[in-house]
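Trainee: I am new to this structure and would love a close look at one part of it. Could you take me through a single strand and then what surrounds it?

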Amino acid sequence: MKTRISVPCLKTNLQRIRQFIVKTLRTQQLPELDIHAMVLAVDEVCANLMIHANKCSPRHSIEVNIDLSDSQKVVFDIIDHSQGFDIRQHPDPDLQEIIKNRRKGGLGLMLVKRIMDDIDFEVKDNQAIVRLAKHLPGR
Amino acid sequence: MVDIQTIRDDGYTVLKIQGEVDASSSIQLDEALAELIAAQPPAILVDCTGLQYISSAGLGVFMSYIEELDSKQIKMVLFGLSDKVRHVFDILGLDQLLQLVDSQEEAKALLT
């Protein structure tokens with residue numbers, strides 16, 4: 001099964017994306033804690049793209065595709081029309097440094113990397129695609 | 001999406017968060033915490049029993065005040081986190097940097 005949502009790049013739409021993912025993943029009898037973690041990881045990537053790559057412009061849109069066709073994993077494609085960014089190239093911040101400098105940002109991509117098993121990034125046909133996969137062992 | 005109330009009690013102030021704190025609503029948590037810290041209460045107990053979701057934007061708010069709370073000697077304890085919310089703190093190891101307990105009673109006990 002494949003399913004998708006597309007919303008304008010407004011932070012207030014993050015909740016809609018989360019609700020869409022929860023609704024989709026609850027059809028798969030997955031543990032709630034796992035569903036919540038995947039929702040969080042996708043939310044972090046979407047927030048990052050909306051804010052940094054699309055400057056929260058409602059004229060730009062962001063799309064989330066969920067692919068459940070492989071019973072061993074859930075695959076999320078997060079697509080926008082920016083240059084995107086390669087999460088894998090982004091170094092993890094030092095938590096003590098964040099505290100010392102009283103920074104509020106920098107934790108999101110660290111969460112994504114710790115939650116998801118595979119992270120890929122490509123730019124093709126004027127689209128930036130972040131692909132996140134979570135393996136479902138024992139299914 | 002998020003409702004934040006400040007309840008003053010004897011010796012501490014409770015910051016009660018209800019709803020979802022994400023990139024869109026974290027500004028409300030930031031403003032409420034900034035205002036509360038400016039009033040210099042002896043301690044802040046953050047009631048998370050109604051907190052349904054927190055993303056890095058919300059975590060970042062708490063992290064960004066650790067230094068100021070330390071310098072003003074204001075103790076902050078978070079209590080009543082659901083398993084899902086607690087998991088988010090644990091993933092990043094923030095349970096080592098912030099005080100997280102189960103109940104308001106436990107949080108109060110840490111103040112004495």
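Trainee: Along strand E2 (residues 61–67) of chain A, which side chains point to one face and which point to the other, and which are buried?

Mentor: Happy to help. This is a predicted model, in which local features need pLDDT of at least 70 and side-chain atom pairs count only at pLDDT 80 or more, while totals for chains, interfaces and linings use all residues. Residues are numbered from 1 along each chain as its sequence is written, and chains are lettered from A and ligands numbered from 1 in the order in which they are written.

Now to the strand. The side chains of E2(A) alternate: A:Ile62, A:Val64 and A:Ile66 are buried and point to one face, whereas A:Ser61, A:Glu63, A:Asn65 and A:Asp67 point to the other face and are not buried. Here a residue is buried if 20 or more other C-beta atoms lie within 10 Å of its own, exposed if 12 or fewer, and partly exposed in between, with C-beta atoms placed from the backbone. Strands (E, at least two residues) and helices (H or I, at least four) are DSSP runs, numbered from the N terminus.

Next, the neighbours. Strand E1 (residues 2–8) of chain A runs antiparallel to E2(A), joined to it by 7 bridges; two strands pair if DSSP finds at least two bridges between them. In this pairing, A:Val64 of E2(A) is the bridge partner of A:Ile5. E2(A) also pairs with strand E3 (residues 73–80) of chain A, again in the antiparallel sense, over 5 bridges. There, A:Asp67 stands opposite A:Val75 of E3(A). The link from E2(A) to E3(A) is a hairpin through 5 residues.

Stepping back to the whole chain, chain A has 4 helices and 5 strands, which follow the pattern β-α-α-β-β-α-α-β-β along the sequence. Buried residues make up 32% of its 139 residues. Take contacts (C-beta atoms, placed from the backbone, within 7 Å) between residues at least 6 apart in sequence: in chain A, 69% of them join residues at least 24 apart. The C-alpha trace of chain A spans about 45 × 35 × 25 Å along its principal axes.

Finally, chain A has a partner: 27 of its residues are in contact with 23 residues of chain B. On the side of chain B that touches chain A, helix H2 (56–71) and helix H3 (83–91) of chain B are the elements that give two or more residues. H2(B) gives the most, with 10 residues.

How values were computed: Contact = placed C-beta atoms within 7 Å.
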